Amino acid sequence: VVHTSRYTFSFSMAEGDIAIWFKGIPIVTRIWFSLSVIFPLLGRVGLLNPLYMILSFDLVVYRFQIWRLFTSAVFYVISPQTGFHYLLNLYFLYSYSRRLESGIFDGRSGDHLFMVLILWAIQVVLGLLLELWLLMDPLIMSVIYVWCQLNQDVIMQFWFGMQFKAMYFPWVLTVLNMVLRGGGLTDLLGIFAGHVYFFLMFKYPQDFGGRSFLSTPQFLYKLLPSRRTIGGFGQAPISRRQDPANDNGGGRHDWGQGNILGNVHGN
């Protein structure tokens, strides 16, 4: 009885720790992460037919199976050959979406959700045109790309002691996937979508003085009200269009700070 009580107590403690960890994930990342776990697992155990989850131009356009636009972004076929890559996807989703939502979008989950929706919409269009079945890979890559652009000068430590700036990380992952899995197309699509968002949201309005094409709809703020915060990790890019009177000739600007996969070293 003593041993049983001890094991029950340990299990309750572990269950409590997991609940605390889960509740501590920012809401948009938490929901996205949960859906990306639930749908693949339901498909793995046979409760969902993978054929109903994948993206198909004919089925979406001609048979109005609209749900495929959503399920193709959170579903993944889990098998002994794809299991490790799927776990990496979950890690990258959790890490980089959370860092954005608790960093530059801290207290503004509506803005973070808007970013995810823009990236998802771009991937849906590309997926329909290029006949992609699943969009999880490129969607997660696009989030990684946005974070890396906002933290370009952060030094990342990768496998085998490799060190490089965060701005190169998406390209390192792309090459790695090309070598290990013979892919690369979905990674490039993710980079493309991430660059479109980053350019329209930050680069074009701030560096080129153009109009802002992306603005979070009010209904998202009503759905996820903004809250005041005491700073966060990362910041929006500082415009290069400086006042000549205040230009000290340095020519450098900070794209934000943040944590990364592995160790971070200061420049």
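Start by selecting Phe64, which sits in the loop between α3 (57–61) and α4. Is Phe64 buried or exposed? With a relative accessibility of 64%, Phe64 counts as exposed, because the cut-off for that word is over 50%. Keep in mind as you look that this is a predicted model. Now check the backbone of Phe64: its phi is near 55°, a positive value in a residue other than glycine.

**A second positive phi**

Next, select Glu131, in the loop between α6 and α7. Glu131 is not a glycine, yet its phi is positive, at about 60°. What is the relative accessible area of Glu131? The value is 67%, and Glu131 is exposed.

**The whole chain**

Zoom out and colour by secondary structure. You should find ten helices and three strands in the protein chain. Following the sequence from its start, the pattern reads α-α-α-α-α-α-α-β-β-α-α-α-β. How many of the 267 residues count as buried, as a percentage? The figure is 44%. Contacts across the sequence are also worth a thought here: among those between residues at least 6 apart, 69% join residues at least 24 apart.

**Into the core**

Select Trp32, Tyr96, Leu100, Met115, Ile144, Phe169 and Tyr197 together. These residues belong to the largest nonpolar core, which has 62 residues, and they touch the most other members. Now show the helices around them: α2 (27–44), α4 (67–74), α5 (83–101), α6 (109–130), α7 (136–150), α8 and α9 each supply at least two residues of this core. Which helix gives the most? That is α7, with eleven residues.

**His85, on α5**

From the core, move to His85 in helix α5. His85 has a relative accessible area of 12%, so it counts as buried. Setting aside neighbours within four places in sequence, show what His85 contacts: Tyr76, Asp137, Asn177 and Arg181. Try a distance for one of these pairs. The C-alpha atoms of His85 and Arg181 are 9.5 Å apart, although 96 residues separate the two along the chain.

**α5 beside α8**

His85 also leads you to a helix pair. In α5, the residues His85, Phe92 and Tyr96 meet Phe169, Leu173, Asn177 and Arg181 in α8. By class, this contact has four nonpolar, two polar and one charged residues. A pair of packed helices is described by the angle between the axes and the distance between them. For α5 and α8, the axes come within 14 Å and cross at roughly 170°. The two helices are therefore roughly antiparallel, since that term applies to angles over 145 degrees.

**α8 beside α9**

Stay with α8 (residues 169–181) and add α9 (residues 185–207) to the view; their axes come within 9 Å and cross at roughly 165°. What does that angle make of α8 and α9? They are roughly antiparallel to each other. The crossing of α8 and α9 is left-handed. To see the contact itself, select Pro170, Trp171, Thr174 and Asn177 in α8, which meet Asp187, Leu188 and Ile191 in α9. This contact is made up of four nonpolar, two polar and one charged residues.

**α5 beside α6**

Return to α5 and bring in α6. Their axes lie 9 Å apart, and the helices pack at an angle of about 135°. Here α5 and α6 are therefore oblique to each other. Which residues of α5 take part in the contact? Ser97, Leu100 and Glu101 do, and they meet Ser109, His112 and Met115 in α6. The classes here are two nonpolar, three polar and one charged.

**Last stop: Ser226**

Ser109 points the way to the final selection. Ser226 and Ser109 are 117 residues apart in sequence, while their C-alpha atoms are 6.8 Å apart in space. Where does Ser226 lie? It is in the loop between α10 (218–223) and β3 (264–265). Ser226 counts as partly exposed, at 42% relative accessibility. To finish, show the residues it touches beyond four places in sequence: Gly107, Arg108 and Tyr221.

Notes:
Residues are numbered from 1 along each chain as its sequence is written. This is a predicted model: local features need pLDDT of at least 70, side-chain atom pairs count only at pLDDT 80 or more; totals for chains, interfaces and linings use all residues. Side-chain values use heavy atoms; hydrogens and water are left out. Axes are lines fitted to C-alpha atoms, for helices over the stretch in contact, and angles run from 0 to 180 degrees between N-to-C directions. Helices (H or I, at least four residues) and strands (E, at least two) are DSSP runs, numbered from the N terminus. Angles under 35 degrees count as roughly parallel, over 145 as roughly antiparallel, 65 to 115 as roughly perpendicular and the rest as oblique. A crossing is left-handed if the near helix is turned anticlockwise from the far one by less than a right angle, and right-handed if clockwise. Contact means heavy atoms within 4.5 Å. Ala, Val, Leu, Ile, Met, Phe, Trp, Tyr, Cys and Pro count as nonpolar, Asp, Glu, Lys and Arg as charged, and the others, Gly among them, as polar. A nonpolar core is a set of buried Ala, Val, Leu, Ile, Met, Phe, Trp, Tyr and Cys residues joined through side-chain atoms within 4.5 Å. Buried means under 20% relative accessible area, exposed over 50%, partly exposed in between (1.4 Å probe, protein chains only).
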